[in-house]
Amino acid sequence: MDLWKNWKKVLWETFPDLENICDWADWEGKGTSLRAKVYNNEYIAKSREVDIWNEKSSIYNNIIYPKTGENLPCFGMDLMGFFEKKVIIVFDFQHPVENYLFSHPDLPKAEGTFRFFEPGNHFSENIYVAKCTMSEVDDHLDMFRKYLTAYKEMLECKKPSGLEMSSTYSDFDKYMRKLDPVSGYLANQFGEEKSESLVNDFLFCYG
């Protein structure tokens, strides 16, 4: 199952120069497959993606870490299709500075409150959260494209060039690791050792 095929197509259309620099994992376990890869380009230090899928579910996670020095947010996407009637879509500008309320003036502000996602604590006022069915995921694709385009424009305006990754993203990765719900699921599918390695050495390695 590749529920997020069109979403990944939009990502690559927006950033066609992303280069694959590492195939970090290619695992099979209990009927579930996982692939983890890293990409970069002129202004992006790391775009680290994880695809997890089986016959019933499809999960795609990617955080884009910009190069440093220009106080830019990351761009994160959690696209989680658990089964036909349970899909959660989250994407946002995720700032590495704690208690920094980032906001983009041309994008909608989130309404209401969301469990786990607190605007001003690494999440922006523009966080996009939607629940839908698998047949409805592409209804949200135009908004995803709009957010990604705005993010690309930020990078091209600021032209970040620094690589002080650990000092810039340490608090951010620690916070995101605490929120991450995937550890138990990964341990059940691929074993505890692999799960811990993916979380600590790949997903949130700066924390």
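Which residues of α2 are buried? In this predicted model, the buried residues of the helix are L141, F144, Y147, L148, A150, Y151, M154 and L155. A general point about helices helps in reading this list: an α-helix has 3.6 residues a turn, so residues three or four places apart point the same way. With that in mind, the reader can follow the buried residues of α2 to their partners, for they pack against α1 (5-14), β3 (44-53), β4 (58-66), β5 (74-83), β6 (86-94) and β7. The helix itself has 18 residues and reaches 26 Å from its first C-alpha to its last, which is close to the 26 Å expected at 1.5 Å a residue. After α2 comes K159, a residue whose phi is positive, near 50°.

Just before the helix, in the loop between β7 (128-132) and α2 (141-158), lies H140. With a relative accessible area of 15%, H140 is buried, because the limit for that word is under 20%. The side chain of H140 is joined to that of Y128 by a polar contact of 2.7 Å. When neighbours within four places in sequence are left aside, the residues in contact with H140 are W7, I89, Y128, A130 and C132.

One of these contacts, I89, leads on to the interior. In soluble globular proteins, nonpolar side chains tend to be buried together. Here the largest nonpolar core has 35 residues, and among them F75 and I89 touch the most other members. At least two residues of this core come from each of α1, β4, β5, β6, β7 and α2, and α2 gives the most, with 8 residues. The surroundings of F75 can be listed in full: not counting residues up to four places away in sequence, F75 touches N62, I63, I64, F91, D92, F93, F144, Y147, L148 and Y151. There is also a second, separate core of 32 residues, which includes W27, V50, V90 and F202.

The aromatic rings offer another way through the structure, since the count comes to 23 aromatic pairs. In one of them, the rings of W24 and W27 have their centres 6.2 Å apart and their planes at 55°, so the pair is tilted. W24 is partly exposed, with a relative accessible area of 28%, whereas W27, at 12% relative accessibility, counts as buried. F91 and Y128 form a pair that is stacked, with 4.6 Å from centre to centre and 15° between the planes. This pair links distant parts of the chain, for F91 is in strand β6 and Y128 is in strand β7, 37 residues apart. F91 is buried, with a relative accessible area of 0%, and Y128 also counts as buried, at 17% relative accessibility. Beyond single pairs, ring pairs link W4, W7, F75, F91, F93, F102, Y128, F144, Y147 and Y151 into a cluster, and F75 is thus met again here, after its place in the largest nonpolar core.

Finally, rings can also be looked at together with charged side chains. The charged end of K46 sits over the ring of Y65, 4.7 Å from the centre of that ring, while R48 lies over the face of F204, at 5.4 Å from the ring centre.

Technical notes:
Residues numbered from 1 in each chain as written. Predicted model: local features only at pLDDT ≥ 70, side-chain atom pairs only at ≥ 80, totals over all residues. Heavy atoms only, no water. Helix = DSSP H or I, 4+ residues; strand = E, 2+ residues; numbered from the N terminus. Buried < 20%, exposed > 50% of the residue type's maximum accessible area, 1.4 Å probe, protein only. Polar contact = N/O pair within 3.5 Å; in protein donor to acceptor, adjacent residues only side chain to side chain. Contact = heavy atoms within 4.5 Å. Expected span 1.5 Å × (residues − 1). Core = buried A, V, L, I, M, F, W, Y, C linked by side-chain atoms within 4.5 Å. Phe/Tyr/Trp six-rings, centres within 6.5 Å; stacked < 30°, edge-to-face > 60°. Lys NZ or Arg CZ within 6 Å of the ring centre and 35° of its normal.
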